[in-house]
Amino acid sequence: MKQKLRKRVHGRKASKGASEMIQQRLMAEDWWASAFQVGIYRSTPTEPATEALLADLLARGAQVAVPVRRKAGYAWGWVDASTIWEKGAHGIWEPRETQPATAEDLRLIVVPGVAFDAQGGRLGHGRGHFDRLLAQSGAILVGLCFENRLVEAVPMEPHDVRMDVVATEKRMLYAPAAAAKMERLLG
């Protein structure tokens, strides 16, 4: 079921302009400016870009962590304005060096996905890397999604992690518990 959905959605193209609009929409939210311990992904060419979000966070002195490849998968690593980046697996920019961070350190995490639904369901690439990164986190989870990759329902399994917010180039979709979680974490 998930594999069929991945194949169906992966072919849907999105413009660079859509990525820019998603980032602008997210940065326009009042709560975005309150986020100071943030996990964020570096995008592949098929995912919504995060360059403007990363630049905004670093410019305002937020603590920022990115997924870093390790032997057994991925872990969080802190980056800052002086970080040296190099192309890693799948063409993703990775920091040359980082200090370890944990999911518990983060108050907001920006999450990639192949597709999302309006209830916060997320379809990843199928290897479970991000679900494992998110499993120990109580952070506000924000999925970035091209509008044409928003589906009616993502099939969810027990290990799958739901998003609190899904941001597209056209709208922001909030899960029912998002407001209480935001109040608690960003106060």
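Is D164 buried or exposed? D164 is buried, with a relative accessible area of 10%; buried means under 20% relative accessible area, exposed over 50%, and partly exposed in between (1.4 Å probe, protein chains only).

Before we look further, a word on the model. This is a predicted model, in which local features need pLDDT of at least 70 and side-chain atom pairs count only at pLDDT 80 or more, while totals for chains, interfaces and linings use all residues. Residues are numbered from 1 along each chain as its sequence is written, and side-chain values use heavy atoms, with hydrogens and water left out.

## Salt bridges

The structure holds 7 salt bridges, each being a side-chain nitrogen of Lys or Arg within 4 Å of a carboxyl oxygen of Asp or Glu. The table shows some of them.

| Pair | Closest N to O | Citation |
|---|---|---|
| D56 and R60 | 3.1 Å | salt bridge |
| R162 and D117 | 4.0 Å | salt bridge |
| K181 and D164 | 2.8 Å | salt bridge |

D164 meets K181 in one of these bridges. K181 lies in helix α5 (residues 178-186) and D164 in the loop between β11 and β12, so the pair ties together parts that are 17 residues apart in sequence. Helices (H or I, at least four residues) and strands (E, at least two) are DSSP runs, numbered from the N terminus. At 16% relative accessibility, K181 is buried too.

That loop between β11 and β12 (165-167) also holds R162, whose partner D117 sits in strand β8, 45 residues apart. Here R162 is partly exposed at 42% relative accessibility, whereas D117 is buried at 2%. In the pair of D56 and R60, D56 is partly exposed at 24%, and R60 is partly exposed at 23%.

## Rings and charges

R60 has another contact to show: it lies over the face of F36, at 5.1 Å from the ring centre. A charge sits over a ring if NZ of Lys or CZ of Arg is within 6 Å of the ring centre and within 35 degrees of the ring normal. R42 offers a further example, with its charged end over the ring of W85, 4.4 Å from the centre.

What about rings that meet each other? Rings of Phe, Tyr and Trp (its six-membered ring) pair if their centres lie within 6.5 Å; planes under 30 degrees apart count as stacked, over 60 as edge-to-face and the rest as tilted. The count comes to 1 aromatic pair. The ring centres of W76 and F130 are 6.1 Å apart and their planes stand at 85°, so this pair is edge-to-face. W76 belongs to strand β3 (residues 73-79) and F130 to helix α4 (residues 129-134), 54 residues apart. W76 is buried at 3% relative accessible area, and F130 is buried at 11%.

## Strands

Two strands pair if DSSP finds at least two bridges between them. Strand β1 (residues 37-40) runs parallel to β2 (residues 63-70), joined by 3 bridges, and G39 stands opposite A65 in β2. With helix α3 (residues 51-59), these strands make a right-handed β-α-β unit: with the strands pointing away from the viewer, the path from the first strand over the helix to the second runs clockwise.

A hairpin through 2 residues leads from β2 to β3, and these strands pair in the antiparallel sense over 7 bridges. A65 appears here as well, with W78 as its bridge partner in β3.

Elsewhere, 3 strands form an open, mixed sheet in the order β9-β8-β11. Strands β9 (122-123) and β11 (150-151) stand at the edges with a single partner strand each, so one side of each lacks a neighbour in the sheet. β8 (residues 115-117) pairs with β11 in the parallel sense over 2 bridges, where F116 stands opposite L150.
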